[in-house]
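Grab a pencil and open the viewer. Here are some short exercises on how strands come together, each with a worked solution.

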Amino acid sequence: MWRCCEKFSPLQYALSSSLLPCCRFSSHFKAPFSSHCHGKGGGAAAGARNEKLRVFIVAGEPSGDLIGSRLMASLRRLSPRPLQFAGVGGNLMKREGLVSEFPMEDIAVMGVAELLPHLFRIWVRLRQTVTAVMDFRPHVVVTVDAKGFSFRVLRSITDAYRRLGVSRPPLVHYVAPSSWAWKGGENKLKNLADTLDHLLCILPFEAALFKAHGIKATYVGHPVLEDAFTSVATGENPAHCRWWIKGSKNCSRKDFGLQSGSTVVCVLPGSRAQEVKRMLPLFESALDLLADKVPMLTAIIPTAPSHVITEAVTEAVKAWKTPNILLPYASEKDKYSAFAASDVSLCTSGTAVLQLQMARVPTVVAYRAHPLTEWLIKSRTKLHYISLPNILLDSPVIPEALFADCTPKRLFTLLRQVLEDSEVKEQQAKAAEQVLSMLVPPQQSVLESTGSLCSVENVSYWRPSMAAASTILTLLQIDKT
């Protein structure tokens, strides 16, 4: 039905953030719907009240799968109309009713050098995604994080509708790109307004930044706070327990069969195959060094709910000298149980760092990548830190071992310091309370989410996903009351 312009190649996909597949439709292709069905801005997209609201949603990695699943649940909760979902996602989004177009793992790649071996597959998946959008005829398209893939999808959708001569549905991206972190990053925002109708931001300073560049944006709070409303929470009012998911260390250790007096390290190697392959050997060697100094050392390893990741971790830890407990396909409840049982965590940089803060687990953050990717990061970034708590506080509260400095010996030194220094633990606990309080959804978003149904004091509505869902429905001009 359509083919790519000969000028585009998978190599261009990797090397340029501005080049996307140039979709050309055959002359015999007919518009699957009339031009009045959609309108930029979403006014007419809502359709009749008894019509299903069609939402096409794309997530490209496990963290996005979690965010996407919670957004789907909140959309269903707030929408007065039945919903129909299509798109790309993982197991969590599938549980909410999504039939994924292809395995999410096919596009879960980060880094320039890391991307090269997978270029053609990702290029094909991009084309497949755009075709699926055109077939589904959504009222709204939502992409979640994974900006490299997501923005190319959104731009390709815009081009495809333009070539058909019809107005496209509203395009929304959830989790703003960290343009503020890169040299010249804000200069790349000038074309984003033509691609996006709305940006859902998860950091408090982002919405104002993007609005200044002509991009409509709303701060909806950080998705990690949603953990406080799930089954992992203790039942305490999260607004009154300082965003702290408490667990019983003794009970959790008993559940895991740990001996009294054990020192437990929670190991989180990452949610992408490339991360796991690169980080696990470093973590293994660091734990071997630590075991020589710390008796009864045990590692607990929750894996992402992904077959690829779980199989990779399972195979890797079989040869470990350090005793370990593997939690395959770990749910959020599994992860927080592991956190409660742990004395310290060794964590690849990512969303898990904030989850560890929610559980108040002393943490060491690590990160390695392909040498080319590391060079690009170091040459382009404006930041001194890689983990979000340190970035927000502009302080190395959480020890980081990055790039060439990320060696087994360095990780061992930092782990031992965190384990033995009570002041370091206390500093991290105080920082967690400060950081998490900065990430709460703003009052205005809560008011928009609840409408006239509930008061803001009802903390069950202080959910980032509810604020995000409300913003999307408002964009579509759907009355949530």
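Let's start with one facing pair: L346 stands opposite V364 in β13. Keep in mind that this is a predicted model.

**Exercise 1.** Find which strands flank this pair and how they run.

*Solution.* Step one: look at residues 344–348, which are strand β12, and residues 363–367, which are strand β13. Step two: check the direction. These two pair in the parallel sense, over 4 bridges.

**Exercise 2.** Work out the order of the strands in the sheet and name its edges.

*Solution.* Step one: read across the 6 strands, and you get β11-β10-β9-β12-β13-β14, an open sheet with parallel pairing. Step two: look for strands that pair on one side only; those are β11 (324–327) and β14 (400–402). Step three: add the twist, which averages 15 degrees from one strand to the next.

**Exercise 3.** Decide whether strand β10 is buried or exposed.

*Solution.* Step one: use the cut-off, under 20% relative accessible area for buried. Step two: go through residues 297–302. In β10, 6 of the 6 residues are buried, so the strand is largely enclosed by the rest of the structure. Step three: sort the side chains. L297, A299 and I301 point one way, while T298, I300 and P302 point the other way.

**Exercise 4.** Trace how the chain gets into β10 and out to β11.

*Solution.* Step one: from β9 the chain passes through helix α10 (residues 273–291) to β10, a right-handed β-α-β crossover. Step two: from β10 it goes through helix α11 (residues 307–317) to β11, and this crossover is right-handed. Step three: find the partners. C266 stands opposite I300 in β10, and P302 has L327 in β11 as its bridge partner.

How values were computed
Residues numbered from 1 in each chain as written. Predicted model: local features only at pLDDT ≥ 70, side-chain atom pairs only at ≥ 80, totals over all residues. Heavy atoms only, no water. Pairing = 2+ DSSP bridges. Axes fitted to C-alpha atoms, helices over the stretch in contact; angles between N-to-C directions. Buried < 20%, exposed > 50% of the residue type's maximum accessible area, 1.4 Å probe, protein only. Right-handed = clockwise from strand over helix to strand, strands pointing away.
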